[in-house]
Amino acid sequence: MSLAVAIQMDPIETIDINADSTFALALEAQRRGHGLYIYLPQALSLREGRVYARARALEVRREAGNHATLGETETLDLATMDVVLMRQDPPFDMAYITATHVLEHIHPETLVVNDPAEVRNAPEKLFVTHFPGLMPPTLISSDREEILAFRRRYEDIIVKPLFGNGGAGVFRIQPNDENLNALLEMFTEVYREPVVVQKYLPAVRQGDKRIILVDGVAVGAIDRIPPPGEARSNMHAGGRPQKAELTKRDREICEAIGPTLKARGLIFVGIDIIGGYLTEINVTSPTGIQEIDRFDGISIEKDIWDAIEARVEARPGGRPVE
(Lines give C-alpha, C1' and ligand atoms only; values in the text may rest on other atoms or scores of the structure.)
Protein backbone atom coordinates (compact mmCIF):
# COMPACT_ATOMS: atom_id res chain seq x y z
CA MET A 1 0.00 0.00 0.00
CA SER A 2 1.40 3.38 -0.95
CA LEU A 3 1.24 6.30 1.45
CA ALA A 4 0.30 9.90 0.78
CA VAL A 5 3.22 11.99 2.03
CA ALA A 6 3.40 15.77 2.36
CA ILE A 7 6.78 17.43 2.92
CA GLN A 8 6.92 20.78 4.69
CA MET A 9 10.26 22.30 3.73
CA ASP A 10 12.07 25.32 2.34
CA PRO A 11 12.25 25.73 -1.48
CA ILE A 12 13.40 22.48 -3.06
CA GLU A 13 14.69 24.27 -6.14
CA THR A 14 17.84 25.51 -4.34
CA ILE A 15 18.90 22.42 -2.36
CA ASP A 16 22.19 20.56 -2.79
CA ILE A 17 20.99 17.14 -3.94
CA ASN A 18 24.26 15.51 -2.81
CA ALA A 19 23.91 16.72 0.77
CA ASP A 20 20.26 17.40 1.55
CA SER A 21 18.72 14.81 3.87
CA THR A 22 15.14 15.66 2.88
CA PHE A 23 15.97 14.96 -0.76
CA ALA A 24 17.27 11.51 0.20
CA LEU A 25 14.08 10.85 2.17
CA ALA A 26 11.94 11.94 -0.80
CA LEU A 27 13.86 9.67 -3.19
CA GLU A 28 13.38 6.68 -0.90
CA ALA A 29 9.68 7.41 -0.40
CA GLN A 30 9.21 7.62 -4.16
CA ARG A 31 11.14 4.36 -4.66
CA ARG A 32 8.65 2.69 -2.29
CA GLY A 33 5.72 3.94 -4.33
CA HIS A 34 4.55 6.64 -1.94
CA GLY A 35 2.88 9.71 -3.41
CA LEU A 36 4.68 12.97 -2.64
CA TYR A 37 3.49 16.55 -2.15
CA ILE A 38 5.53 19.55 -1.09
CA TYR A 39 4.64 22.88 0.47
CA LEU A 40 6.37 25.82 2.13
CA PRO A 41 5.84 26.50 5.84
CA GLN A 42 4.15 29.80 4.89
CA ALA A 43 1.53 27.84 2.92
CA LEU A 44 0.20 26.14 6.06
CA SER A 45 -3.22 27.27 7.35
CA LEU A 46 -5.58 26.37 10.18
CA ARG A 47 -9.19 27.04 9.18
CA GLU A 48 -12.17 26.10 11.34
CA GLY A 49 -10.23 23.33 13.05
CA ARG A 50 -8.79 21.76 9.89
CA VAL A 51 -5.25 22.06 8.59
CA TYR A 52 -4.67 22.95 4.96
CA ALA A 53 -1.61 23.59 2.82
CA ARG A 54 -1.23 25.02 -0.65
CA ALA A 55 0.91 22.21 -2.03
CA ARG A 56 2.21 20.74 -5.27
CA ALA A 57 2.70 17.14 -6.31
CA LEU A 58 6.39 16.25 -6.37
CA GLU A 59 8.63 13.95 -8.36
CA VAL A 60 12.35 13.77 -7.62
CA ARG A 61 15.40 12.40 -9.41
CA ARG A 62 19.14 12.55 -8.82
CA GLU A 63 19.90 14.84 -11.73
CA ALA A 64 21.78 18.05 -10.99
CA GLY A 65 19.75 21.04 -12.15
CA ASN A 66 16.75 18.83 -12.93
CA HIS A 67 16.09 17.16 -9.60
CA ALA A 68 12.42 18.03 -9.05
CA THR A 69 9.21 18.25 -11.04
CA LEU A 70 6.33 20.09 -9.39
CA GLY A 71 2.64 19.84 -10.26
CA GLU A 72 0.05 22.58 -10.17
CA THR A 73 -0.73 24.21 -6.84
CA GLU A 74 -3.66 22.63 -5.02
CA THR A 75 -5.11 22.92 -1.54
CA LEU A 76 -4.50 19.81 0.55
CA ASP A 77 -6.46 18.88 3.64
CA LEU A 78 -3.52 17.45 5.59
CA ALA A 79 -5.84 15.16 7.52
CA THR A 80 -6.13 13.17 4.27
CA MET A 81 -2.35 12.54 4.23
CA ASP A 82 -0.77 9.50 5.85
CA VAL A 83 2.49 11.26 6.72
CA VAL A 84 3.73 14.83 7.01
CA LEU A 85 7.49 15.37 7.17
CA MET A 86 8.27 18.62 9.02
CA ARG A 87 11.62 19.40 7.44
CA GLN A 88 12.06 23.16 7.17
CA ASP A 89 15.32 24.54 8.48
CA PRO A 90 15.50 26.39 11.79
CA PRO A 91 15.77 29.03 13.33
CA PHE A 92 13.56 27.68 16.05
CA ASP A 93 11.54 30.88 16.35
CA MET A 94 7.87 31.69 16.96
CA ALA A 95 7.01 30.87 13.33
CA TYR A 96 8.50 27.40 13.83
CA ILE A 97 6.72 26.95 17.15
CA THR A 98 3.42 28.08 15.60
CA ALA A 99 3.78 25.45 12.89
CA THR A 100 4.10 22.75 15.56
CA HIS A 101 0.87 23.96 17.18
CA VAL A 102 -0.94 23.85 13.84
CA LEU A 103 0.32 20.37 12.96
CA GLU A 104 -0.80 19.05 16.35
CA HIS A 105 -4.36 19.26 14.97
CA ILE A 106 -3.67 16.34 12.60
CA HIS A 107 -1.17 14.24 14.58
CA PRO A 108 -1.13 11.28 15.21
CA GLU A 109 -4.01 10.34 12.86
CA THR A 110 -1.75 11.83 10.20
CA LEU A 111 1.74 10.90 11.38
CA VAL A 112 3.88 14.03 11.69
CA VAL A 113 7.62 13.33 11.75
CA ASN A 114 8.93 14.34 14.18
CA ASP A 115 6.01 14.56 16.67
CA PRO A 116 5.22 18.32 16.61
CA ALA A 117 4.56 18.71 20.33
CA GLU A 118 7.80 16.93 21.18
CA VAL A 119 9.73 19.02 18.67
CA ARG A 120 8.37 22.12 20.36
CA ASN A 121 9.40 20.77 23.76
CA ALA A 122 12.92 19.78 22.70
CA PRO A 123 14.90 22.78 21.39
CA GLU A 124 18.33 21.32 20.80
CA LYS A 125 20.36 23.37 23.30
CA LEU A 126 17.72 23.00 26.06
CA PHE A 127 16.69 19.37 25.54
CA VAL A 128 20.29 18.27 26.09
CA THR A 129 20.22 19.73 29.63
CA HIS A 130 17.89 16.90 30.68
CA PHE A 131 20.90 14.59 30.41
CA PRO A 132 23.36 16.45 32.69
CA GLY A 133 25.80 13.60 33.14
CA LEU A 134 26.48 13.54 29.41
CA MET A 135 27.10 17.19 28.60
CA PRO A 136 30.05 19.54 29.20
CA PRO A 137 29.88 22.24 31.89
CA THR A 138 27.12 24.55 30.66
CA LEU A 139 25.38 27.74 31.73
CA ILE A 140 22.15 29.09 30.25
CA SER A 141 21.56 32.60 31.52
CA SER A 142 21.01 36.29 30.80
CA ASP A 143 22.68 37.26 34.06
CA ARG A 144 25.98 38.99 33.33
CA GLU A 145 27.42 38.19 36.77
CA GLU A 146 26.64 34.49 36.35
CA ILE A 147 28.29 34.52 32.93
CA LEU A 148 31.39 36.30 34.24
CA ALA A 149 31.64 33.87 37.15
CA PHE A 150 31.39 30.92 34.74
CA ARG A 151 34.19 32.41 32.69
CA ARG A 152 36.38 32.89 35.76
CA ARG A 153 35.87 29.23 36.62
CA TYR A 154 36.53 27.74 33.19
CA GLU A 155 38.55 30.57 31.56
CA ASP A 156 38.26 29.30 27.96
CA ILE A 157 34.58 29.33 26.94
CA ILE A 158 32.14 29.19 24.05
CA VAL A 159 29.23 31.66 23.89
CA LYS A 160 26.33 31.03 21.50
CA PRO A 161 22.67 31.98 21.01
CA LEU A 162 20.15 29.66 22.63
CA PHE A 163 18.11 29.20 19.45
CA GLY A 164 20.82 29.61 16.82
CA ASN A 165 21.60 27.07 14.12
CA GLY A 166 24.26 26.14 11.62
CA GLY A 167 27.07 27.52 13.76
CA ALA A 168 25.82 31.10 13.42
CA GLY A 169 26.71 33.39 16.32
CA VAL A 170 29.10 30.95 18.00
CA PHE A 171 32.09 32.67 19.64
CA ARG A 172 35.12 31.36 21.47
CA ILE A 173 36.31 33.62 24.30
CA GLN A 174 39.85 32.71 25.37
CA PRO A 175 41.37 33.64 28.76
CA ASN A 176 43.08 36.79 27.44
CA ASP A 177 40.13 37.90 25.27
CA GLU A 178 38.74 41.32 26.26
CA ASN A 179 35.61 41.14 24.09
CA LEU A 180 33.19 39.28 26.36
CA ASN A 181 31.40 42.38 27.66
CA ALA A 182 30.99 43.80 24.16
CA LEU A 183 29.78 40.42 22.92
CA LEU A 184 27.15 40.21 25.66
CA GLU A 185 25.99 43.73 24.79
CA MET A 186 25.60 42.66 21.16
CA PHE A 187 23.67 39.51 22.12
CA THR A 188 21.37 41.61 24.31
CA GLU A 189 20.60 43.88 21.36
CA VAL A 190 19.93 41.03 18.93
CA TYR A 191 18.28 38.38 21.14
CA ARG A 192 15.76 38.45 23.98
CA GLU A 193 16.62 34.93 25.10
CA PRO A 194 19.42 33.83 27.44
CA VAL A 195 22.73 32.78 25.94
CA VAL A 196 24.46 29.42 26.20
CA VAL A 197 27.94 29.41 27.73
CA GLN A 198 30.01 26.24 27.71
CA LYS A 199 33.49 25.20 28.68
CA TYR A 200 35.61 25.16 25.52
CA LEU A 201 36.48 21.62 24.48
CA PRO A 202 39.87 21.49 22.67
CA ALA A 203 38.78 18.21 21.06
CA VAL A 204 36.63 20.25 18.67
CA ARG A 205 39.83 20.83 16.65
CA GLN A 206 39.62 17.16 15.73
CA GLY A 207 35.97 17.70 14.83
CA ASP A 208 32.60 17.05 16.34
CA LYS A 209 30.72 13.82 15.69
CA ARG A 210 27.22 13.85 14.23
CA ILE A 211 25.36 10.64 15.08
CA ILE A 212 21.99 9.80 13.54
CA LEU A 213 19.46 7.92 15.65
CA VAL A 214 16.36 6.34 14.13
CA ASP A 215 13.58 5.59 16.61
CA GLY A 216 16.11 5.85 19.42
CA VAL A 217 18.79 3.61 17.87
CA ALA A 218 22.15 4.85 16.55
CA VAL A 219 22.53 3.94 12.86
CA GLY A 220 25.60 5.87 11.71
CA ALA A 221 28.00 8.74 12.29
CA ILE A 222 30.37 11.20 10.65
CA ASP A 223 33.06 13.47 12.01
CA ARG A 224 32.78 17.11 10.97
CA ILE A 225 36.23 18.70 10.85
CA PRO A 226 36.49 22.49 11.22
CA PRO A 227 38.58 24.47 8.71
CA PRO A 228 41.92 25.91 9.89
CA GLY A 229 41.51 28.77 12.34
CA GLU A 230 37.86 27.93 13.02
CA ALA A 231 36.26 26.61 16.22
CA ARG A 232 33.01 25.66 14.47
CA SER A 233 32.68 22.39 12.58
CA ASN A 234 29.14 22.82 11.19
CA MET A 235 28.85 22.18 7.44
CA HIS A 236 27.37 25.68 7.05
CA ALA A 237 30.56 27.07 8.62
CA GLY A 238 32.87 25.16 6.27
CA GLY A 239 33.17 21.89 8.19
CA ARG A 240 34.44 18.89 6.24
CA PRO A 241 32.81 15.45 6.67
CA GLN A 242 35.03 12.50 7.51
CA LYS A 243 34.29 8.82 8.11
CA ALA A 244 33.70 8.00 11.78
CA GLU A 245 33.13 4.97 13.97
CA LEU A 246 30.97 4.79 17.06
CA THR A 247 33.09 4.55 20.21
CA LYS A 248 32.10 2.91 23.48
CA ARG A 249 31.35 6.37 24.90
CA ASP A 250 29.23 7.26 21.86
CA ARG A 251 27.15 4.13 22.35
CA GLU A 252 26.74 4.86 26.07
CA ILE A 253 25.35 8.29 25.22
CA CYS A 254 22.99 6.90 22.56
CA GLU A 255 21.75 4.16 24.88
CA ALA A 256 21.11 6.74 27.60
CA ILE A 257 18.99 9.04 25.44
CA GLY A 258 17.53 6.53 22.95
CA PRO A 259 14.54 5.33 25.00
CA THR A 260 13.46 8.93 25.65
CA LEU A 261 13.66 9.78 21.95
CA LYS A 262 11.59 6.74 20.98
CA ALA A 263 8.97 7.35 23.67
CA ARG A 264 8.56 10.94 22.51
CA GLY A 265 8.00 10.02 18.86
CA LEU A 266 11.28 11.58 17.76
CA ILE A 267 11.97 9.21 14.89
CA PHE A 268 14.79 11.07 13.11
CA VAL A 269 17.33 12.73 15.40
CA GLY A 270 20.89 13.99 15.00
CA ILE A 271 23.12 14.44 18.04
CA ASP A 272 26.50 16.16 18.30
CA ILE A 273 29.36 14.84 20.43
CA ILE A 274 32.65 16.63 21.13
CA GLY A 275 35.39 14.96 23.15
CA GLY A 276 32.98 12.44 24.63
CA TYR A 277 30.41 15.08 25.62
CA LEU A 278 26.89 15.41 24.23
CA THR A 279 26.50 19.04 23.10
CA GLU A 280 23.25 19.16 21.10
CA ILE A 281 20.21 17.03 20.25
CA ASN A 282 18.74 18.11 16.92
CA VAL A 283 15.10 17.11 16.41
CA THR A 284 13.97 19.85 14.02
CA SER A 285 15.62 19.12 10.68
CA PRO A 286 18.64 16.83 11.20
CA THR A 287 21.19 16.49 8.40
CA GLY A 288 24.09 14.21 7.56
CA ILE A 289 22.48 11.04 6.23
CA GLN A 290 23.87 11.32 2.69
CA GLU A 291 27.43 11.78 3.95
CA ILE A 292 27.11 8.80 6.29
CA ASP A 293 25.55 6.70 3.51
CA ARG A 294 28.52 7.37 1.24
CA PHE A 295 31.19 6.67 3.86
CA ASP A 296 29.57 3.53 5.29
CA GLY A 297 27.78 2.09 2.25
CA ILE A 298 24.41 2.12 4.02
CA SER A 299 21.02 3.74 3.50
CA ILE A 300 19.79 5.59 6.57
CA GLU A 301 16.78 6.88 4.65
CA LYS A 302 15.60 3.26 4.38
CA ASP A 303 15.86 2.88 8.15
CA ILE A 304 13.86 6.07 8.63
CA TRP A 305 11.10 4.98 6.25
CA ASP A 306 10.97 1.54 7.86
CA ALA A 307 10.37 3.28 11.20
CA ILE A 308 7.77 5.63 9.72
CA GLU A 309 5.87 2.79 8.04
CA ALA A 310 5.92 0.77 11.28
CA ARG A 311 4.39 3.75 13.12
CA VAL A 312 1.71 4.15 10.43
CA GLU A 313 0.78 0.48 10.71
CA ALA A 314 0.66 0.72 14.50
CA ARG A 315 -1.96 3.50 14.53
CA PRO A 316 -5.52 2.54 15.47
CA GLY A 317 -7.06 1.25 12.26
CA GLY A 318 -3.66 1.35 10.58
CA ARG A 319 -3.24 -0.56 7.35
CA PRO A 320 -0.17 -2.64 6.45
CA VAL A 321 2.36 -0.84 4.27
CA GLU A 322 3.69 -3.16 1.61
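The exercises below work through elements of a predicted model, each followed by a solution in steps.

**Exercise 1. Helix 5 against helix 6**

Determine how helix 5 and helix 6 are oriented to each other, and which residues make the contact.

Solution.
- Step 1. Helix 5 covers residues 144-154 and helix 6 covers residues 180-190. They pack at an angle of about 140 degrees, and their axes are 12 Å apart.
- Step 2. Angles over 145 degrees count as roughly antiparallel, and those from 65 to 115 as roughly perpendicular. The angle of about 140 degrees therefore makes helix 5 oblique to helix 6.
- Step 3. The crossing of the two helices is right-handed.
- Step 4. From helix 5, the contact residues are Arg144, Ile147, Leu148 and Arg151. Helix 6 contributes Leu180, Asn181, Leu184 and Glu185.
- Step 5. Sorted by class, the contact of helix 5 with helix 6 has four nonpolar residues, three charged residues and one polar residue.

**Exercise 2. The five-stranded sheet**

Give the strand order of the open sheet of five strands, and explain why one side of strand 14 and of strand 16 is left without a neighbour in the sheet.

Solution.
- Step 1. The order is 14-13-12-15-16, with antiparallel pairing.
- Step 2. Strand 14 (240-243) and strand 16 (277-282) stand at the edges. Each has a single partner strand, so one side of each has no neighbour in the sheet.
- Step 3. From one strand to the next, the twist averages 30 degrees.
- Step 4. For the pairing at one edge, take strand 15 (residues 268-274), which is joined to strand 16 by five bridges in the antiparallel sense. Glycine 270 stands opposite asparagine 282 of strand 16.
- Step 5. Helix 7 (residues 248-263) lies across strand 12 (208-214), strand 13 (217-225), strand 15 and strand 16. Helix 7 runs at about 145 degrees to strand 15.

**Exercise 3. The pairings of strand 4**

Find which strands pair with strand 4, taking strand 2, strand 3 and strand 5 in turn, and name one residue pair for each.

Solution.
- Step 1. Strand 2 (residues 35-39) pairs with strand 4 in the antiparallel sense over two bridges. Isoleucine 38 stands opposite arginine 56 here.
- Step 2. Strand 3 also pairs with strand 4 in the antiparallel sense, over four bridges. Leucine 46 has valine 51 of strand 4 as its bridge partner.
- Step 3. Strand 4 is joined to strand 5 (residues 68-77) by eight bridges, and these two strands run antiparallel. Arginine 54 stands opposite threonine 75 in strand 5.
- Step 4. In general terms, such strands pair through backbone hydrogen bonds.

**Exercise 4. Two positive phi angles**

Locate glutamate 48 and aspartate 215, which have positive phi, and decide whether each is buried or exposed.

Solution.
- Step 1. Glutamate 48 has a phi of about 50 degrees, although it is not a glycine. Glutamate 48 is in the loop between strand 3 (44-47) and strand 4 (50-60).
- Step 2. The hairpin of strand 3 and strand 4 has two residues between the strands.
- Step 3. The cut-off for exposed is over 50% relative accessible area. Glutamate 48 has 80% relative accessibility and therefore counts as exposed.
- Step 4. Aspartate 215, likewise not a glycine, has a phi of about 55 degrees. Its place is the loop between strand 12 and strand 13.
- Step 5. Buried means under 20%. At 13% relative accessibility, aspartate 215 is therefore buried.

**Exercise 5. Two cis peptide bonds**

State what omega is for the cis bonds at proline 108 and asparagine 114, and where these residues lie.

Solution.
- Step 1. Histidine 107 and proline 108 are joined by a cis peptide bond with omega of about 10 degrees. Proline 108 lies in the loop between helix 2 (94-103) and strand 7 (111-113).
- Step 2. The bond from valine 113 to asparagine 114 is cis, with omega near -5 degrees. Asparagine 114 is in the loop between strand 7 and helix 3 (116-120).

**Exercise 6. Glutamate 28 and proline 228**

Classify glutamate 28 and proline 228 as buried or exposed, and describe their surroundings.

Solution.
- Step 1. Glutamate 28 belongs to helix 1 (residues 21-31). Its relative accessible area is 5%, so glutamate 28 is buried.
- Step 2. Leaving out residues up to four places away in sequence, glutamate 28 touches Glu301, Lys302 and Trp305.
- Step 3. Proline 228 is in the loop between strand 13 and strand 14. Its relative accessibility is 83%, so proline 228 counts as exposed.
- Step 4. Proline 228 and alanine 19 are 209 residues apart along the chain, and their C-alpha atoms are separated by 22 Å.

How values were computed. Residues are numbered from 1 along each chain as its sequence is written. This is a predicted model: local features need pLDDT of at least 70, side-chain atom pairs count only at pLDDT 80 or more; totals for chains, interfaces and linings use all residues. Side-chain values use heavy atoms; hydrogens and water are left out. Axes are lines fitted to C-alpha atoms, for helices over the stretch in contact, and angles run from 0 to 180 degrees between N-to-C directions. Angles under 35 degrees count as roughly parallel, over 145 as roughly antiparallel, 65 to 115 as roughly perpendicular and the rest as oblique. A crossing is left-handed if the near helix is turned anticlockwise from the far one by less than a right angle, and right-handed if clockwise. Contact means heavy atoms within 4.5 Å. Ala, Val, Leu, Ile, Met, Phe, Trp, Tyr, Cys and Pro count as nonpolar, Asp, Glu, Lys and Arg as charged, and the others, Gly among them, as polar. Two strands pair if DSSP finds at least two bridges between them. Buried means under 20% relative accessible area, exposed over 50%, partly exposed in between (1.4 Å probe, protein chains only).
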